[in-house]
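Good morning. I will take a few minutes to go through one model, and you can follow along on the screen.

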Amino acid sequence: MNLEVVKLAAADNQWGAIFPELMLACIALALLALEIVLPKKLHAYIPDFALSGLVGTLAGLLFNFRSAALGHDTFNGLLHHSEAGQVMRAFFLLVAILVCVLARVSLAKQKMPRIEFYHLVLIVTGAMMLLAQSNHFVMLFVALETVTIGFYILVSYFRTSTASLEAGLKYLVMGALSSGLLLFGIVLLYGVAGNPDLPAHTASAMNFKALAQFLAANPHHFLASAGIVLVLAGVAFKIGAFPFQIWVPDVYQGAPTPVTAFLAVGSKAAGFAVLLILARDVFAAYAWLVTPVLIAMAAATIIFGNLAALTQHNVKRLIGLSGVSHAGFLLLGVVAAATVPMAQGAIYFYLFAYLIASFAVFGVMTHVAGANDSDQDLDHYAGLAKESPFLAAVLAIGLGSLAGIPPLAGFMGKLFIFISAFQGGARWLLALAAAGVVISIYYYFGWIKAAFFEQWMPPADTADPRPARTPVSFVSGLTLGSLALASVLLGFYQGPLGQWLTMK
Amino acid sequence: MAQILFYAFALFTLACAVGVVVNKNAVNAAMCLLLSLVGVAGLFVQLDAYLLAFLLLLVYAGAVVALFLFIVMLLDMKDTAAHGFRKISGFASVFALGLLVTGVSTFVVRGRLTTPNPNLAAAVGTDLKHYAYQLFTTYLLPVQVIGFLLLIAMLGVIVLSKRWEGLDDIK
């Protein structure tokens, strides 16, 4: 191979373009080094170090939002830097910050090593950020595997609890299956697009742009469509869309609460970022196939998620299954995104509203939960409004936003998605989604009812079996308060996010 | 000749793969897996993918299966009572067989699987030098990410399996 070509390829590796990811990697490594170097009594400050590092990285990213790499490919076409990618980067950093805040509350109740948790969260976040900007199947798969392997460990992190280990095992098996499906699909696409007998065949079939050109030249190739369906199935596992939602309730229940939040928001958003890139740009020529598949998936996901959540009594299972229905609403947006330009912004707005509301709810959950993290019952919330009005108010705002009650942010999110779906012409799906919203109000309000209107009747013979509630510290109180405030404010004023949304 | 060799290796691979599934003894199943991987390596050699064949033997057949055997022997599995045959599993397997046959036949009928053009461009991974150049220039970023993947995998093993002592002091 010519050495000049090698030099050229190496010169395209612009490490400056991925400085937030590099920062996260360095901080993660520094955490491990600090654990070795620092004396034990200073270890309590290491999580704060991780948290401040994340906040600093987020500030740096927002400050350099319009970076020079925007709109360009770097790393020989492995990454594509776009505005959407920048938004998702900020999204994942925000998720990581909130996960770290929740983890401080949740890990304090367990006898577990602490530092490694933050290390894993940082690495997984970095990989998600790369995932949302990937422009090449090699990069996509490597980043996705890093995320998934990080989650295998995080889900089973409370290893003294059998529920956590069981969840880890289930996630491992289902994750391996979904990675297998994704790989089968990628290999089929790679093989077909490299066939020299076909028009527009390409040697770099893993590259999204080259692949999109090939698919546009061969719009009805059977093997390519088989590959596309398999790739979509692999991604659908990550977002928990029907019929690939089978792992959701058990894994969400068994995983430590901060990890459940990370899975519900971070992992799902990563899946949607990938799905949006694939369905909108790469597989655009196969809309005849992709759109019906996504429509069927969206309809089934909305119906299943809402009906299954109705009967749940464990709040972690409830929020997991309601998360499935949220995936259905987002899929509705992805369907619309093929034709309606506004839909992309609507999906990002929905994701942000979902992030804010979910973390408000999960934050309350970590405070109400006891040492047994998987046992969080609706009954534990009885009388919350009397004993801790602040937590109950945050819970009510968070759940209200998830249910889509006006004027909260979740309502605006659903509204934008529904408007774009309406413009996209998916009318009957819209009717189905509206029915789903009505059902969801029932179970969300069951939870609010437990917190506000139910009295806790202690059993006569034994002591109170409910876990003791954690008092709200300053940092978590501030975080929860600002999340609730943001849920209300975003409902009235969408700010630059809304401008970006309507501008598109 | 090539045709006969292909069918021989393919049959060998499939037979061994079936052996992995039906064998009750875990050690025998692992050995079948090893043989199946050797068969796949043979197929790779026929495709002129020598590097891939070599890596498959070295990493999977050599290291991974040996690790499996270690763990199987360490756990000393007793023959657990097999689940009795249930009607539902019979229906499920017939249904799955139907799906499988449909899938494979669809690929054969509609996939337009033809003998590939003999003047195919050589794929990237065929010779080691080319492969190494690519790995450390074009694909440098994924290689770095894989480094972190391995790091967290190692960390995960430690966190999930180490006997922690003195955790009370960490508060």
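I will cover helix packing, then salt bridges, then some backbone details, and end with the interface between the chains.

Please keep in mind that this is a predicted model.

Let us start with helices. Two packed helices are described by the angle between their axes and the distance between the axes. I have three pairs to show, and each is in chain A.

Take H4 and H5 of chain A, which cover residues 83–107 and residues 115–131. Their axes are 10 Å apart, and the packing angle is about 165°. H4(A) is therefore roughly antiparallel to H5(A). The crossing of these two helices is right-handed. Which residues of H5(A) meet H4(A)? They are A:Phe117, A:Tyr118, A:Val121, A:Thr125, A:Met128 and A:Met129. On the H4(A) side the residues include A:Arg89, A:Phe92, A:Leu93 and A:Arg104. Sorted by class, the residues of this contact are twelve nonpolar, one polar and two charged.

Next, H7 and H8 of chain A, residues 162–193 and residues 208–217. Here the axes come within 11 Å, and the crossing angle is roughly 65°. H7(A) is therefore roughly perpendicular to H8(A). This crossing is left-handed. From H7(A), the contact uses A:Leu189, A:Val192 and A:Ala193. From H8(A), it uses A:Leu211, A:Phe214 and A:Leu215. The count by class is six nonpolar, no polar and no charged.

The last pair is H9 and H12 of chain A, residues 222–239 and residues 287–310. The axes come within 11 Å and cross at roughly 30°. Are H9(A) and H12(A) roughly parallel or antiparallel? At that angle they are therefore roughly parallel to each other. The crossing of H9(A) and H12(A) is right-handed. In H9(A), the residues that meet H12(A) are A:Ser225, A:Ile228, A:Val229, A:Leu232 and A:Ala236. Their partners in H12(A) are A:Trp288, A:Leu289, A:Val290, A:Val293 and A:Met297. This contact has nine nonpolar residues, one polar residue and no charged residues.

Now salt bridges. How many are there over all chains? The count is ten. One to look at is A:Arg66 with A:Glu83, where the closest N and O atoms are 2.8 Å apart. A:Arg66 is in the loop between helix H3 and strand E1 of chain A, while A:Glu83 is in helix H4 of chain A, so the pair ties together parts that are 17 residues apart in sequence.

On to the backbone. Most residues other than glycine have a negative phi, and most peptide bonds are trans. With that in mind, here are three places to find on the screen.

A:Phe75 is not a glycine, yet its phi is positive, at about 55°. You will find A:Phe75 in the loop between strands E1 and E2 of chain A.

The peptide bond between A:Phe242 and A:Pro243 is cis, with omega about 0°. A:Pro243 sits in the loop between H9 and helix H10 of chain A. A cis bond also runs from A:Pro406 to A:Pro407, where omega is near 5°. The loop that holds A:Pro407 is between helices H16 and H17 of chain A.

Last, the interface. The size of an interface is often given as the accessible area lost when the parts come together. Between chain A and chain B, the buried area is about 3900 Å². Carbon and sulfur atoms give 75% of that area. Chain A brings 47 residues to the contact, and chain B brings 39 residues. How many salt bridges cross the interface of chain A and chain B? The rule finds zero.

That is where I will stop. Thank you.

Notes. Residues are numbered from 1 along each chain as its sequence is written. Chains are lettered from A and ligands numbered from 1 in the order in which they are written. This is a predicted model: local features need pLDDT of at least 70, side-chain atom pairs count only at pLDDT 80 or more; totals for chains, interfaces and linings use all residues. Side-chain values use heavy atoms; hydrogens and water are left out. Axes are lines fitted to C-alpha atoms, for helices over the stretch in contact, and angles run from 0 to 180 degrees between N-to-C directions. Helices (H or I, at least four residues) and strands (E, at least two) are DSSP runs, numbered from the N terminus. Angles under 35 degrees count as roughly parallel, over 145 as roughly antiparallel, 65 to 115 as roughly perpendicular and the rest as oblique. A crossing is left-handed if the near helix is turned anticlockwise from the far one by less than a right angle, and right-handed if clockwise. Contact means heavy atoms within 4.5 Å. Ala, Val, Leu, Ile, Met, Phe, Trp, Tyr, Cys and Pro count as nonpolar, Asp, Glu, Lys and Arg as charged, and the others, Gly among them, as polar. Buried area is the accessible area (1.4 Å probe) that two parts lose on being put together, summed over both. A salt bridge is a side-chain nitrogen of Lys or Arg within 4 Å of a carboxyl oxygen of Asp or Glu.
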